[in-house]
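Me: Could you take a close look at one part of this model for me? I'd like to start from a single residue and then see a little of what else the fold offers.

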Amino acid sequence: MLRQDLCWQAVTKRDHAQDGRFYFGVVTTGVYCNPSCPARRAKRENVRFYETPEAAEHDGLRACLRCRPGTQPGDDPRAKRIQAVVEYIEHHSQGKLTLDSLARIAGLSPFHLQRKFKASVGVSPRQYLDACRLRAFKSELRSGEGLLESVWAAGFGSTSRVYERGGSKLGLTPSQYRSGAEAVEISYLTMSTRLDLLMIAATDRGLCFVQFGENEAAMEEALRKEYPKASLRRVRETEAGQLQAWAGTIRDYLNGKQPDLSLPADIRATAFQTRVWNFLRSIPSGEVRSYAAVAAGMGQPQAVRAVASACARNPVALLIPCHRVIRGTGDPGGYRWGLERKQALLEMERERAAPNRG
Ligand SMILES: [Zn+2]
C-alpha cells in the first residue's frame with residue numbers, strides 16, 4: 001500500500017529518488033507522471049497515486065510527455081527497437097517488406113510494432129516505407145516532380161480528395177493586418193492539458209492565440225508581443241463566458257472526445273498564409289499531408305518552403321492543424337510547439353479516427 005502523505009511529500013519536492021516507485025495522476029488533466037516531473041503541480045485534491053503505470057492507465061490516465069513515466073531516460077529499449085526498424089526499412093526499401101518481418105526485427109507483435117512505430121516516428125511503417133521508396137524513385141527521375149508529388153499525395157489519401165477538400169473553407173476569416181496598432185480587447189486564460197499548459201486568447205470575433213508552453217509568464221509575454229496595443233484581460237477557466245466555452249471544446253478535442261475543431265479564428269495573416277492555413281483546415285483529423293502535397297494541393301508546387309514557414313508561424317495551434325503536415329520523407333518534420341506534442345497529437349487523432357485498427 002502506498003502512503004498517501006509520503007507520496008504527496010515526494011511529489012511536492014519533485015523527489016527523483018522516488019521515480020519508478022510510484023506514479024501520480026491528475027484527474028483534471030488526465031495525465032500521470034513520475035514524482036520528479038518538472039510540470040506545474042496540481043492541487044492535492046486532484047491527485048491520485050499509483051504503484052504502476054498500468055494501474056494509472058487502468059484509471060483512464062495517459063502518460064505525461066515531459067517525464068515519460070515508465071521509461072528510463074536515455075535507455076528506452078522500445079525506442080531502440082523502433083530505431084532498428086527505421087534503419088532496416090531505410091536499407092531495404094527496394095525489397096519486399098512485410099509488417100510481420102519488421103515485427104520480428106523489433107521483437108514485438110505486429111500490432112504493437114504498428115502502435116509504437118507510429119508513436120515514435122509519427123507515421124506507420126507502411127507510410128515510412130512508401131516515403132523511402134519515393135525518395136529513391138525521385139532521385140532517379142529528376143524531372144518528374146509534379147507527378148511524384150501527386151503520387152505522394154496518393155499515399156496519404158487520394159489526389160482528387162486533396163483538391164476536393166482543398167476548396168472548402170472552414171470559417172477562417174483573418175482580419176486585416178492590424179500592425180499591433182488597434183486597441184482591441186483580448187481576453188485570455190491558461191489551462192493545463194496533457195500536453196502541458198495551453199494559453200488561449202480571443203477578440204470578440206474569434207480566437208487569436210492558441211499556444212502551448214511550460215511557463216505562464218513567458219506565454220503572457222508572447223501574447224503581449226503579438227498584440228502590443230491590445231488591452232489584455234485575464235479570465236478564469238471556471239468563470240462563464242465565450243472563451244471558457246471554447247476552452248471546453250479544445251479540452252474535449254485534446255482528450256479525444258471531439259473529432260475536430262472548427263472554432264472561429266481572428267488572426268492577422270498575409271494572403272499567402274491565409275491560403276495555406278485554409279488548406280490545413282481541410283486536412284481531416286487522423287490524416288497527414290507532406291509540405292509538398294500541401295503546396296501542390298494549393299496549386300503552387302514550388303512553394304514547399306513557404307508552406308513550411310507559414311506552418312511555423314501559425315498563431316493558433318490545433319485550430320489550424322499545422323501538426324498534420326509532415327516531411328515528404330515520412331519524417332515528422334518540425335512543430336512550433338515541439339515534436340513531442342506534434343507526435344502526441346497525431347497519435348491521438350489516429351486513435352480516434354480508427355479506434356479498432358492497430
Ligand atoms: Zn510528467
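Reply: Happy to! Please keep in mind that this is a predicted model. Let's begin with serine 290, which counts as buried because its relative accessibility is 0%, and the cut-off for buried is under 20%. Serine 290 belongs to strand 9, which covers residues 289-290. The side chain of serine 290 also has a partner: it reaches the backbone nitrogen of alanine 293 at a distance of 2.9 Å.

Now to another set of strands. Four strands make up an open sheet with mixed pairing, and their order is 3-1-2-4. Strand 3 (47-50) and strand 4 (62-63) are the edge strands, each pairing on one side only. Strand 1 (residues 23-26) runs antiparallel to strand 3, and four bridges join the two. For one pair to look at, take valine 26, whose bridge partner in strand 3 is valine 47. As general background, strands of a sheet pair through backbone hydrogen bonds, either parallel or antiparallel.

Finally, the enclosed spaces. The model has two cavities of 30 Å³ or more. The second largest cavity has a volume of about 30 Å³, and its lining consists of Thr29, Thr193, Arg194, Arg251, Leu254 and Asn255. By residue class, that lining of the second largest cavity divides into three polar, two charged and one nonpolar. If you have the structure open, Arg194 and Arg251 are among the lining residues you can pick out there.

Terms used. Residues are numbered from 1 along each chain as its sequence is written. This is a predicted model: local features need pLDDT of at least 70, side-chain atom pairs count only at pLDDT 80 or more; totals for chains, interfaces and linings use all residues. Side-chain values use heavy atoms; hydrogens and water are left out. Buried means under 20% relative accessible area, exposed over 50%, partly exposed in between (1.4 Å probe, protein chains only). A polar contact is a pair of N or O atoms within 3.5 Å; within protein, one must be able to donate a hydrogen and the other to accept it, and residues adjacent in sequence count only if both atoms are side-chain atoms. On a 1 Å grid over the protein atoms alone, a cavity is a set of points where a 1.4 Å probe fits but cannot get out, and a pocket is an open set with protein on both sides within 12 Å along at least five of seven lines; lining residues have an atom within 4 Å of a point. Grid points are joined across faces, edges and corners, and a volume is the space filled by probe spheres set on the points. Ala, Val, Leu, Ile, Met, Phe, Trp, Tyr, Cys and Pro count as nonpolar, Asp, Glu, Lys and Arg as charged, and the others, Gly among them, as polar. Two strands pair if DSSP finds at least two bridges between them.
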